Each structure stands twice: as structure tokens, then as C-alpha cells.
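User: I would like to learn how to read a model like this one, feature by feature. Can we go from the whole chain down to single residues?

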Amino acid sequence: MAVSAALRAAITRAQNADQHSEPVFSPLRGLGRGRLTPIDLLGQSLSTIAPATGMVFIALWMITYSPGYVGLAAIAATTSAVFLVAFCITQFTRRLAAAGSLYSFVFQGSGIRATLTAGAALVLGYLGISVSVFSQAVPSLLDTIAIVGPDVRGTAATVITTVAIAVAVAWIAVRGVRFATRAILVVEACSLILIVVVMLATHSDTTTAVALPNPSLSAVPFLAMLTVLSMAGFESSAFFGPEAKRPLISVTRTVLISPIICGVLFVFAAWAAMTGHGATIVGAYFEGTASGASAEVVLAVKIGMTCSWFASTLGCAQAGSRLLYSMGIERVLPAPLARVHRRFRTPYVAVLAFVAVSAAGVFIYSDTVRDDSGSFDGVVETALVCAYTLVAFASWKFLRRIGEHTSLTRICTLSVSTAGAGLLVYIVLDGAVHGMWALPIAALAVAVSGTVWSSLLRRARPESLLMVGAFDSVETADLLPGAGTLLIDGDGRRRLVPDRGTAEGDSPEHGR
């Protein structure tokens with residue numbers, strides 16, 4: 001009887017509901033909601049990280065500088081530290097979904113200037129990663145073509161290949177995330193299986209003859225920083241919260257799982273390099289058949305690595321475009337970045353802008369930066385560490401504000417914040433000592449970016465400062481008939497106002 005009465009009351013409320021009120025939409029409704037599965041999210045994260053390439057480079061540095069078990073421990077410890085960063089990020093992902101990811105999360109705990117600082121750091125970081133992997137994809141593809149066909153390497157071929165990869169990345173990213181992530185997940189899985197099998201099946205004590213510059217850091221800190229750079233983008237699935245099914249659960253799990261998967265693979269690669277199982281694959285990729293590897297192994301490794309570089313370029317474009325899209329929605333960047341393709345529901349203007357800047361960066365990188373790649377990677381690492389530190393500190397402030405701190409969250413958020421700040425100081429001082437002035441300059445530029453950016457917006461578009469931190473929120477269509485009417489009050493907050501026949505009072509709406 002009680003159930004029947006409640007059902008009749010609900011039907012009555014639905015009949016009496018105001019059907020003529022203005023519907024309320026989520027600020028991120030342009031993106032297709034509820035389309036991506038956990039597999040899609042995992043594919044996005046792994047494509048951005050490209051663990052296959054990270055394994056080869058970690059094996060290379062382990063073989064070259066022989067840090068031994070200390071280096072192996074440094075990689076494992078760094079993986080643990082990245083997992084703690086992931087834990088801090090999940091304090092937000094389990095409560096809200098935002099296309100701006102870390103940029104939008106920082107706003108929930110810190111002020112506008114800290115948010116814009118995190119945004120500048122993320123833009124610099126993701127563009128830097130994109131340029132780095134893009135510039136590796138081009139020669140890797142040309143080397144692969146040279147193995148199976150004519151040797152077309154040269155300036156003209158490099159330009160044509162760069163443009164072709166940029167067009168392919170832009171086309172796939174505009175077509176949609178599901179197609180890209182699932183295809184990339186298969187390709188990356190095949191690359192990983194190939195690398196693991198080759199490492200286990202071969203053994204050689206021959207060291208690589210690849211000429212490498214001496215890192216400014218000692219071997220162990222350098223391996224730690226290389227691991228951080230190799231795991232950059234592990235949180236990229238958070239950019240797709242508004243597009244995911246059950247985002248508060250699926251995104252959170254992906255953010256936690258991604259660094260664990262990559263950490264295990266990186267530790268395995270380091271072990272393989274220490275025990276003589278990594279030399280063959282490192283030699284096959286960097287030296288070709290001159291290393292003693294068969295032509296078939298060299299071709300397979302080249303194809304796998306090329307696909308992995310391409311996947312990482314695509315993953316960066318998809319994640320970076322969502323960041324630009326979110327900033328376009330808020331008008332902190334030009335509004336056209338928020339335009340969405342009518343059919344594919346992807347931010348096509350943001351995609352094209354990100355890919356175009358990345359392609360231009362490849363030409364600049366090839367001409368001027370390649371000889372000083374250590375400084376370039378250091379700048380990218382500085383930006384990423386800054387963003388991770390800001391989101392960790394913001395999570396501490398956020399949980400304190402909403403009264404949901406536990407002993408574990410206090411320890412983790414404060415530990416990551418302190419460690420991140422200390423690492424930034426170390427990077428700046430080490431860069432100054434070794435004459436790598438790009439590092440302290442980059443740190444200073446990121447530090448003041450939020451203040452400068454907010455001042456410019458306050459003069460040019462003050463209303464945009466009220467829109468910072470946009471996240472996916474409940475729409476009128478999400479409510480059951482008769483549940484109430486969703487309204488926007490004078491402060492811009494959503495409120496669920498009871499319809500006639502419901503209890504008096506209203507309740508604020510905080511998120512999806």
C-alpha cells in the first residue's frame with residue numbers, strides 16, 4: 001500500500017509539474033554524454049603514456065649508465081609517488097566530472113590564480129609531450145619505410161611526413177574518441193606484447209653504442225625524472241569525465257590503475273636491462289641490424305614503436321583539446337575553441353588548434369631544440385610537476401572545506417604537496433648549477449602565469465572569471481518527472497525547486 005501511494009503521489013507531481021519553465025543545461029553538454037566505457041578511458045590513458053616507448057628508453061638508460069638495483073628502486077619509488085598523485089586526483093574525480101581535468105579540479109580547492117597557473121602548466125606540459133612524441137614519430141616512420149621500401153629520408157620527406165601525421169591525428173581526433181581509443185588500445189597492447197616477448201626471449205651482455213648526452217642530474221635522480229616524464233598523461237582519462245558512462249566510478253578507477261600498469265612495465269624493463277634481456281630490443285630500435293638483431297626483429301620493433309609514438313601523439317591531442325575546450329567555454333581563452341562538431345560531438349576547433357601548434361613545434365624542435373633535448377624535457381617536467389603539486393594541495397584544501405578529510409587523505413595530500421614543492425626547488429637549483437637556465441625561467445614563468453592571466457582577464461573579460469571551474473552538472477532532462485524544477489539563481493548556482501505538491505524548501509545542486 002505504501003508503495004502504491006508513493007507511486008500515485010509521483011504521478012500526481014509529474015502531472016502538476018511546470019512544463020513551461022526554461023530548461024537548464026550543463027555547461028559541457030556540447031560533448032556527447034555517457035558514451036565512453038572503462039575500456040575507452042583506459043585506452044586514452046595508455047595511448048597518452050605510450051608505455052612501450054617508455055620501456056625502451058628506460059632500458060636504454062639503465063644499460064648506458066648502469067645504476068643497478070638503486071636505479072630499479074628509484075623507478076619503483078617514483079611509480080609509488082605517481083600513484084599517490086593519482087590518489088589525490090581521485091578525490092575530485094569521485095565527486096565531479098570536468099573536461100578541464102586538473103585545471104578544473106584546482107578551482108574546487110584553490111583560488112582563480114592557482115587555477116589559471118595549473119591551466120598554464122597543463123597547456124605547456126601537454127603541448128611539450130605532444131611535440132616530443134610527434135618529433136619521434138616522424139623519423140621512426142621514415143626508418144620503418146626505409147626497411148621495407150626505398151630510403152626516402154630527407155628534409156622534404158620529413159616535412160611531408162609531419163604534415164601527414166598531423167592530418168591523420170586531427171582527422172581521427174575529430175571523428176571521435178571511441179574509435180581512436182579502442183584502435184589504439186589494441187595497437188599499444190600488441191606493441192607491449194612484442195617488447196615483453198623480445199626481452200624475455202633474448203639475452204645479450206653487449207652494451208648499446210648509442211651516443212647519449214650526459215644528463216645534468218646524477219643517474220638515479222635522472223631515472224626518477226625520466227619515469228615521471230614517461231608516465232605523463234596517466235590522468236588524461238579525467239578529461240573525458242563528461243563523456244564517460246558512470247564517470248565518478250570509471251574515471252576514478254582508470255586514474256588509479258594506469259600508473260600501476262605502467263609502473264609494473266617500467267620496473268620489468270629496468271630488470272630486463274640489468275639482466276641482459278634489454279640490449280637486443282634497445283639495439284634493434286636505435287641501431288637497426290647493425291646491432292646484430294635480425295631484420296625481422298628490427299622491422300617488428302620499428303613498427304611497434306612507430307605505432308606507439310603515433311598513439312601518444314593522438315592521445316595528447318584528444319586530452320589537450322578537451323582542456324582548450326573547457327577554457328573556451330569559460331572564455332579564459334577565445335570562445336571559438338568551445339565549438340563542437342554537430343555530428344561527432346568533438347571540440348574540432350580545439351583539436352585543430354592543438355594539432356597545428358604541435359606540428360609547428362615539431363619543426364622548431366627539429367631545427368633548434370633537438371641538440372638540447374635535456375632542457376626541453378626539463379621544461380616539460382617542470383610544468384607537469386607544478387600541475388601535480390597544485391592539484392595535490394587543492395585536494396587537501398577541498399576536502400578540508402567540505403569536511404571529508406580522513407587521516408589517509410591528510411597524509412597523502414600533504415606529502416605529495418610537500419614532495420612536489422621540494423622537487424620543483426631541486427629542479428630549479430639543479431638547472432641553475434648546470435647552466436640549464438630554461439628550467440628556472442620556465443618555473444618562474446609558470447609561477448607568475450596565473451597572476452598575469454587573471455589580471456588580463458579582469459581588464460578584458462571580467463565575466464570570464466566567474467565561469468572558471470566549469471564541470472558537468474545536472475540538466476533538466478536528467479530529472480524524473482515531478483522531482484522538481486531546476487533553476488539558476490542570481491548567484492549562478494543551480495537549485496532544485498519543488499513543484500506543486502512536493503515538500504517545501506529547496507536544495508542546492510552540486511554536480512552530476
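User: What percentage of the 512 residues of the chain count as buried?

Analyst: Keep in mind that this is a predicted model. Of the 512 residues, 52% count as buried. The cut-off for buried is under 20% relative accessible area.

User: How many helices and strands does the chain have?

Analyst: The secondary structure comes to 16 helices and three strands.

User: What share of the contacts with a separation of 6 or more comes from residues 24 or more positions apart?

Analyst: Such pairs account for 80% of those contacts in the chain.

User: And the surface? What is the accessible area, and how much of it belongs to carbon and sulfur atoms?

Analyst: The accessible surface comes to about 21800 Å². Carbon and sulfur atoms hold 66% of that area.

User: Now empty space. How many cavities of 30 Å³ or more does a search of the whole structure find?

Analyst: The general idea comes first. Rolling a probe the size of a water molecule over the atoms shows where empty space is left. Here, the search finds two cavities of 30 Å³ or more. The largest has a volume of about 50 Å³.

User: Which residues line the largest cavity?

Analyst: The lining consists of Thr93, Leu96, Ala97, Ala98, Phe105, Ala238, Gly241, Pro247, Leu248 and Val251. By type, eight are nonpolar, two are polar and none is charged. Gly counts among the polar residues in this scheme.

User: Which helix gives the most to that lining?

Analyst: Helix 10, residues 247–274, gives the most, with three residues.

User: How far does helix 10 reach from its first C-alpha to its last, and what is expected?

Analyst: The helix has 28 residues and reaches 40 Å. That is close to the 40 Å expected at 1.5 Å a residue. Gly276 follows helix 10 and has a positive phi, near 90°.

User: Take one residue of helix 10, Thr254. Is Thr254 buried or exposed?

Analyst: Thr254 counts as buried because its relative accessibility is 4%, and the cut-off is under 20%. Next, look at the contacts. Setting aside neighbours within four places in sequence, Thr254 is in contact with Pro38, Leu41, Leu42, Ser45 and Ser237. Ser236 is 18 residues from Thr254 in sequence, and their C-alpha atoms are 9.4 Å apart.

User: How do I read the direction of residues along a helix?

Analyst: An α-helix has 3.6 residues a turn, so residues three or four places apart point the same way.

User: Let us move to helix 12. Why is helix 12 described as largely enclosed by the rest of the structure?

Analyst: Count the buried residues. In helix 12, 28 of the 36 residues are buried, so the rest of the structure largely encloses this helix. The length agrees with expectation too: the end C-alpha atoms are 53 Å apart, against 52 Å at 1.5 Å a residue.

User: What happens to phi just after helix 12?

Analyst: Arg331 takes a positive phi of about 70° there, although Arg331 is not a glycine. This residue lies in the loop between helix 12 and helix 13. With a relative accessible area of 32%, Arg331 is partly exposed.

User: Where does Ala335 sit, and what is its relative accessible area?

Analyst: Ala335 is in the loop between helix 12 and helix 13. Its relative accessible area is 32%, so Ala335 is partly exposed. Tyr325 is 10 residues from Ala335 in sequence, with 8.6 Å between their C-alpha atoms.

User: Thr346 is also in the loop between helix 12 and helix 13. Is Thr346 buried or exposed?

Analyst: Thr346 counts as buried because its relative accessibility is 0%. Beyond residues up to four places away in sequence, Thr346 touches Ala173, Val174, Gly176, Arg322, Arg339, Val340 and His341.

User: Which phi does Ser101 have, and where is Ser101 placed?

Analyst: Ser101 has a positive phi of about 50° although it is not a glycine. Ser101 is placed in the loop between helix 4 (68–93) and helix 5 (102–109). At 0% relative accessibility, Ser101 counts as buried.

User: One last residue. Which residues does Ala394 touch, not counting those up to four places away in sequence?

Analyst: Ala394 touches Phe92, Phe105, Val106, Gly109 and Ser110. Among them, Phe105 is also in the lining of the largest cavity. Ala394 lies in helix 14, residues 373–402, and counts as buried at 0% relative accessibility. Ser417 is 23 residues from Ala394 along the chain, and their C-alpha atoms are separated by 9.1 Å.

Key. Residues are numbered from 1 along each chain as its sequence is written. This is a predicted model: local features need pLDDT of at least 70, side-chain atom pairs count only at pLDDT 80 or more; totals for chains, interfaces and linings use all residues. Side-chain values use heavy atoms; hydrogens and water are left out. On a 1 Å grid over the protein atoms alone, a cavity is a set of points where a 1.4 Å probe fits but cannot get out, and a pocket is an open set with protein on both sides within 12 Å along at least five of seven lines; lining residues have an atom within 4 Å of a point. Grid points are joined across faces, edges and corners, and a volume is the space filled by probe spheres set on the points. Helices (H or I, at least four residues) and strands (E, at least two) are DSSP runs, numbered from the N terminus. The expected span of a helix is 1.5 Å times one less than its number of residues. Buried means under 20% relative accessible area, exposed over 50%, partly exposed in between (1.4 Å probe, protein chains only). Contact means heavy atoms within 4.5 Å. Accessible areas come from the Shrake-Rupley method with a 1.4 Å probe; for residues, only the protein chains shown count as cover.
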